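Open the model in your viewer and keep the selection panel at hand. The tour goes from the whole chain to a single strand and its neighbours.

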Amino acid sequence: MASASTQRFSFSSIYDVFLSFRGEDTRCHFTDHLYSALIGNGVHTFRDHEELERGGAIAPGLLKAIEQSRISIVVFSENYAQSRWCLDELVKIIECRTEREQIVLPVFYHVDPSHVRKQMGSYGEAFAYHEKDADLKKREKIQKWRTALTETSNLSSWRLLDNQSESVVIEEITDNIITRLNPKSLYVGENIVGMNIRLEKLRSLIDIYLNKVRMVGICGIGGIGKTTIAKALYNQISNQFRVFHFLQMLGRNLNMILVYFSYNNNSLMTS
């Protein structure tokens, strides 16, 4: 008997992903498309909907959302460092990485990572502005901003250049997030001929969006790939459910695979 199961949410995490970005740079295109891709794949994502530049201290609700997220995606754009709110968010994100082992994934959106790391270019200009007439207390905060930028830019990341397709990068990021949230994906091999067509047919039979139980039998002689396609289905859609199990039972006259998914009132069963 072989089994795999996982529960995606913990008591300390409400969100799967927190998105940190400069609204005027990416809100209406890259970040919006990334957010839609994550939500469309069942990834519970937090983004700040407030579009106006704000003054004063960062909102406590944003700090709480960062604490309650498992992963933070930081989209470094041309004007990211101009926003004190973005920089305060980043400091909090790095604190959560250290204290809560939160995963931090940087995206360099048409900016040179070295400019972020060393605060050069537009980032150097932003800090020159922040440091103008800064008192001792503000300089201490500015140093925290610099440290957070340097630490984040040294992490594994994506870089989007002018000649790259945004949709390709967004797909890569989304796939990476799904894999991290569902670390117990099952091995099925790569580039299996005909797998995508079979999965499409199987998904059409199941119709995961109906609020009903579904049971589909995969029948055939041994060695034709029944277990492989069941594993592939599990890997493809399990991220959309809170609870999911894969159970395989083998015997002399028995070869049964049970895949069970449950999310609130929406449940699905395949055997």
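Accessible areas here come from the Shrake-Rupley method with a 1.4 Å probe. The model is predicted. Select the whole chain and show its surface: the accessible area comes to about 14800 Å², and carbon and sulfur atoms hold 50% of that. The chain has 271 residues, 45% of which count as buried.

Switch to a cartoon. Ten helices and nine strands make up the secondary structure listed for the chain. If you draw contacts between residues at least 6 apart in sequence, 73% of them join residues at least 24 apart.

Now select residues 103-109, which form strand E5. How many of its seven residues are buried? Six are, and the strand is mostly covered.

Add residues 69-76, strand E4. E4 and E5 run parallel and are joined by six bridges. To look at one position in this pairing, pick Ile71: Ile103 in E5 stands opposite.

Next add residues 84-100, helix H4. Together with E4 and E5, helix H4 makes a β-α-β unit, and the unit is right-handed. To check the hand, turn the view until the strands point away from you; a path from the first strand over the helix to the second that runs clockwise is right-handed.

Last, select residues 158-160, strand E6. Which sense does its pairing with E5 have, parallel or antiparallel? The pairing is parallel, over three bridges. Within E6, Arg159 is the bridge partner of Phe108.

Conventions
Residues are numbered from 1 along each chain as its sequence is written. This is a predicted model: local features need pLDDT of at least 70, side-chain atom pairs count only at pLDDT 80 or more; totals for chains, interfaces and linings use all residues. Side-chain values use heavy atoms; hydrogens and water are left out. Helices (H or I, at least four residues) and strands (E, at least two) are DSSP runs, numbered from the N terminus. Buried means under 20% relative accessible area, exposed over 50%, partly exposed in between (1.4 Å probe, protein chains only). Contact means heavy atoms within 4.5 Å. Two strands pair if DSSP finds at least two bridges between them.
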